[in-house]
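Below is a short report on one protein chain. It covers the overall make-up, two helix pairs, the nonpolar cores and a few single residues.

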Amino acid sequence: MCSPATEQLRLSFDDEANCKATAADKAIELPTDRPDFDIERLPKELQERFRALYQNSQQTSDFLAPNEIYQGDARDLLPRIRPNSIALSVWSPPYFVGKEYEAHLSFADWQQLLADVIRLHFPIIIPGGFLVVNIADILTFKDLTMPRIQAEAPSRRRSQVTKEDILRVMAEHPEFNRYQIAAVLGCSEQTVDRRLHGNNIRGGKHEPQTRVKIVGGLVEQWALDAGFYPYDRRIWVKDPAWENSRWHSLSYKAVDQFEYLYFFWKPGITRYNRQRLSAEEWAAWGSLAVWSFPSVRANDDHEAKFPIELPARVIRLLTDPGDVVLDCFMGSGTTALAALNLGRQYIGIELQEKYVELARRQIASRR
Ligand SMILES: C[S@@+](CC[C@H](N)C(=O)[O-])C[C@H]1O[C@@H](n2cnc3c(N)ncnc32)[C@H](O)[C@@H]1O
């Protein structure tokens, strides 16, 4: 009689003959939380591809256990996750916008990091499961080849805005920052600062030009190269981030106000369960491409947290209770909290010790 195959691939357990699968077959890992998963239900070419992937996997005892945050580089730790075990991986990587935790990366390093991390997801996501990447375009991407934009203002006059104008707007809107004040007065934030303090905050005329770097195509290609397929994309509309929009009044650019959610699918059998959301929730956001909810109010303990609503929606849409949800750029632990609140398991990976401690504290204080 075969032993219950909780840890092993269910090739077929109907008769004794089937229990004589080769040693290599027996080493293939079955996702423990998806006992209905059966590789033989997949198309033949996928069966072969997935068998080849999983036969090279390591000893079971070395795998990262769920419900823990691990400190280290995602590229070192992802190969230690049990193959075929993650129902959903949802994360927000460094965006290459000059945050403290990405300052050491060149643009080439940043691209390599994301390409490697996406590639390392393919073996660990359950067939039919998802990888969801929350990312934004780079709005001030330095491009040395870009010609200087020579703005022609119809009036060709220096800004008429006076210090008194600025003080009046400040009195009317004490909560406004200099970008918002500049927007109201139709001048640059530089003018606001110059009138108030007599200095030039952008540091001179000869800074390299900046342009928008659209990242969607890059992410799509890295995912396709890894074996995933783009499945869906949504927009998260957040609070306008004036600080991220460092352009002056002689510009037609909009303020930074949205991010993307790219959904990638690993071929396999996907559970479709319309009961995961109520009819009202399907109508309000489940079926809608644009999600609007506020940003995190205070990024005082981490520079770039996403609101818990973001991973919570993705988790509710794409997983069932008990499934394992991964975030390999865990930061302050938001995804782990969302997973726990929703009765899912989590695995968290984070490079910086201070954020690992923060995430662990947040999780502990929830209990
Ligand atoms: C955009 S933040 C994620 C914030 C998170 N979603 C939250 O709500 O707190 C990206 C995180 O990735 C971490 N990180 C950067 N490079 C990493 C790497 N190679 N491996 C693992 N984590 C990394 C950073 O320290 C940072 O905390």
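## Single residues and packing

Asn 67 counts as partly exposed, because 14 C-beta neighbours fall inside 10 Å. The residue sits in the loop between α2 (44–55) and β1. Its phi is positive, about 65°, although Asn 67 is not a glycine. Keep in mind that the model is predicted.

Phe 96 also has a positive phi without being a glycine, here about 60°. This residue lies in the loop between β2 and α4 (107–121). Is Phe 96 buried or exposed? Phe 96 is buried, because 21 other C-beta atoms lie within 10 Å.

Two more residues complete this group. Leu 351 is in the loop between β10 and α12. Phe 258 belongs to strand β7 (residues 256–265). The table sets out the neighbour counts.

| Residue | C-beta neighbours within 10 Å | Class |
|---|---|---|
| Asn 67 | 14 C-beta atoms | partly exposed |
| Phe 96 | 21 C-beta atoms | buried |
| Phe 258 | 16 C-beta atoms | partly exposed |
| Leu 351 | 19 C-beta atoms | partly exposed |

Leu 351 has a partner well away along the chain. Its C-alpha atom is separated by 7.6 Å from that of Phe 329, with the two positions 22 residues apart in sequence numbering. Leaving aside neighbours within four places in sequence, Leu 351 is in contact with Gly 72 and Asp 73.

Phe 258 pairs with another part of the chain. The C-alpha atoms of Phe 258 and Val 237 are 4.4 Å apart, while the residues are 21 apart along the chain. Which residues does Phe 258 touch, not counting those up to four places away in sequence? They are Ile 235, Trp 236, Val 237 and Lys 238.

### Overall make-up

The protein has 12 helices and 10 strands. Of its 367 residues, 30% are buried. Contacts often span long stretches of sequence. Among those between residues at least 6 apart, 69% join residues at least 24 apart.

### Helices α11 and α12

Helix α11 covers residues 334–341, and helix α12 covers residues 353–366. Their axes come within 9 Å and cross at roughly 25°. The two helices are therefore roughly parallel to each other. The crossing of α11 and α12 is right-handed.

Which residues make this contact? From α11 come Ala 336, Leu 337 and Leu 340. From α12 come Ala 359, Gln 362, Ile 363 and Arg 366. By class, the contact of α11 with α12 has five nonpolar residues, one polar and one charged.

An α-helix has 3.6 residues a turn, so residues three or four places apart point the same way.

Five residues of α11 are buried: Thr 334, Thr 335, Ala 336, Ala 338 and Ala 339. Ala 336 therefore appears in both lists, as a buried residue and as part of the contact with α12. The cover over the buried residues of α11 includes strands β1 (68–71), β2 (86–91), β9 (324–327) and β10 (345–350). Helices α10 (309–318) and α12 are also part of that cover. After α11 comes Gly 343, with a positive phi near 75°.### Helices α6 and α7

Helix α6 (residues 178–185) packs against helix α7 (residues 189–197) at an angle of about 105°. The axes are 8 Å apart. That makes α6 roughly perpendicular to α7.

On the α6 side, the contact uses Arg 178, Tyr 179, Ile 181 and Ala 182. On the α7 side, it uses Glu 189, Thr 191, Val 192 and Asp 193. The residues of this contact divide into four nonpolar, one polar and three charged.

### Nonpolar cores

How many residues are in the largest nonpolar core? The count is 58. Those with the most contacts inside this core are Ile 86, Leu 88, Val 132, Val 314, Val 325 and Cys 328. Strand β3 (residues 125–135) gives the largest share, seven residues.

Ile 86 shows how the core is joined. Leaving aside neighbours within four places in sequence, Ile 86 is in contact with Ile 81, Ile 124, Ile 125, Ile 126, Gly 129, Val 324 and Leu 326.

Apart from the largest core lies another, of seven residues. Among them are Ile 181, Ala 182, Leu 185 and Val 192. Ile 181 and Ala 182 also take part in the contact of α6 with α7, as does Val 192.

Terms used: Residues numbered from 1 in each chain as written. Predicted model: local features only at pLDDT ≥ 70, side-chain atom pairs only at ≥ 80, totals over all residues. Axes fitted to C-alpha atoms, helices over the stretch in contact; angles between N-to-C directions. Helix = DSSP H or I, 4+ residues; strand = E, 2+ residues; numbered from the N terminus. Parallel < 35°, antiparallel > 145°, perpendicular 65-115°, else oblique. Left-handed = near helix turned anticlockwise from the far one by under 90°. Contact = placed C-beta atoms within 7 Å. Nonpolar A, V, L, I, M, F, W, Y, C, P; charged D, E, K, R; others polar. Core = buried A, V, L, I, M, F, W, Y, C linked by C-beta atoms within 7 Å. Buried ≥ 20, exposed ≤ 12 C-beta atoms within 10 Å, placed from the backbone.
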